[in-house]
Amino acid sequence: MIICPNCQHKDFSGALFCSQCGAQLVAAMSSDLPLGLRQKDPMTKISSNSKQKTNSKPAPLADAGEARITLHLVESGQILPLAERMEFSLGRVSEGQPIMPDIDLTPYKAYDKGVSRLHAILRRVKNKIVIMDLGSSNGTYVNGNRLSPQVEHVLTHGDTIHLGKLKIQILFSQDDK
């Protein structure tokens, strides 16, 4: 467990940002971090507000629909930046099956962790990013809450997604203009 220095929320080991308040949980310039997660990278720019309530959830980005989306696979520490598209299917490849997800999670023990071949969809809708479970066998969870199949759920920066037992933290960042 990691304890957030901002709100004292207990988060899962390997989290980069607090799922409660959005505060950064890793050292800003730690040399053991991948280059893409060091403070100089736009991924780690977090505005701090000293008057922020400690139990408040971070607000979505002003225009999350234009944000870059990155998936942090918690167990492996792998970072998957997503291309700038409107929609991504998440799942795993199964030999001999014609179903191919846009994001193949097979290399991350997806089968063992209960990820379906077509498990969920990440979609940009206006100025939001949403996730929708596609009727997966083992469910899709956001911050511990199971999603109803075929119902879109708005995501915020730092949310934890479980596809079956595969734990992913979703990160948004704006391009510097």
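# Strands, core and buried loop residues in a predicted model

Guide: In this predicted model, strands S8 and S11 pair in the antiparallel sense over two bridges.

Visitor: What makes S8 and S11 count as paired?

Guide: Two strands pair when at least two bridges are found between them. S8 and S11 have two bridges, so the condition is met. Within this pairing, Val130 stands opposite Val154 of S11.

Visitor: Why is S11 called an edge strand?

Guide: S8 and S11 belong to an open sheet of five strands, in the order S6-S5-S7-S8-S11 and with mixed pairing. The edge strands S6 (103-104) and S11 (153-154) each pair on one side only.

Visitor: How much confidence does the predictor place in the protein chain?

Guide: The mean pLDDT of the chain is 76, and 64% of its residues reach 70 or more. Over residues 27-62, however, the pLDDT is below 50, although this stretch has 61 contacts in the model beyond near neighbours in sequence. Where pLDDT is low, the predicted coordinates should not be read in detail.

Visitor: Why is strand S3 described as largely enclosed?

Guide: A residue is buried when its relative accessible area is under 20%. Five of the six residues of S3 (residues 68-73) are buried, and the strand is therefore largely enclosed by the rest of the structure.

Visitor: Which strands pair with S3?

Guide: S3 pairs with S13 (residues 166-173) in the antiparallel sense over six bridges. Three bridges join S3 to S4 (residues 79-81), and these two strands also run antiparallel. His72 illustrates both pairings: its bridge partner in S13 is Gln169, and its bridge partner in S4 is Ile79. Thr70 stands opposite Leu171 of S13.

Visitor: What lies between S3 and S4 in their hairpin?

Guide: Five residues separate the two strands, and Gly77 in the turn has a positive phi of about 80 degrees.

Visitor: How do you know that S13 is largely enclosed?

Guide: Seven of the eight residues of S13 are buried, so the strand is largely enclosed by the rest of the structure. S13 is also joined to S12 by four bridges, in the antiparallel sense, with Ile161 opposite Ile168 of S13. S12 and S13 form a hairpin with two residues between them, and Gly164 in the turn has a positive phi of about 65 degrees.

Visitor: Which strands supply the largest nonpolar core?

Guide: This core has 26 residues, and those with the most contacts inside it are Leu71, Leu105 and Leu122. S3, S5 (87-91), S7 (118-125), S8, S12 (160-163) and S13 each supply at least two residues. S13 gives the most, with four residues. In soluble globular proteins, nonpolar side chains tend to be buried together.

Visitor: Which residues does Leu105 touch?

Guide: Not counting residues up to four places away in sequence, Leu105 touches nine residues' worth of surroundings that include Leu73, Leu80, Leu90, Ala110, Leu163, Leu166 and Ile168.

Visitor: Why is Ser136 called buried?

Guide: The relative accessible area of Ser136 is 8%. The cut-off is under 20%, so Ser136 is classed as buried. The residue is placed in the loop between S8 (128-133) and S9 (140-142).

Visitor: What makes the approach of Ser136 to Asp133 a polar contact?

Guide: A polar contact requires a suitable pair of N or O atoms within 3.5 Å. The side chains of Ser136 and Asp133 are joined at 2.6 Å, and the pair therefore falls within the cut-off. The side chain of Ser136 also reaches the backbone nitrogen of Gly139 at 3.1 Å. Leaving aside neighbours within four places in sequence, Ser136 is in contact with Ser116, His119 and Arg146.

Visitor: Is His157 buried or exposed?

Guide: His157 lies in the loop between S11 and S12. Its relative accessibility is 11%; the limit for a buried residue is under 20%, so His157 counts as buried.

Visitor: Which backbone atom does the side chain of His157 reach?

Guide: The side chain of His157 reaches the backbone nitrogen of Phe172 at 3.0 Å. His157 and Ile129 are 28 residues apart in sequence and 9.7 Å apart in space, C-alpha to C-alpha.

How values were computed. Residues are numbered from 1 along each chain as its sequence is written. Side-chain values use heavy atoms; hydrogens and water are left out. pLDDT is the predictor's confidence in each residue, from 0 to 100. Contact means heavy atoms within 4.5 Å. Buried means under 20% relative accessible area, exposed over 50%, partly exposed in between (1.4 Å probe, protein chains only). A polar contact is a pair of N or O atoms within 3.5 Å; within protein, one must be able to donate a hydrogen and the other to accept it, and residues adjacent in sequence count only if both atoms are side-chain atoms. A nonpolar core is a set of buried Ala, Val, Leu, Ile, Met, Phe, Trp, Tyr and Cys residues joined through side-chain atoms within 4.5 Å.
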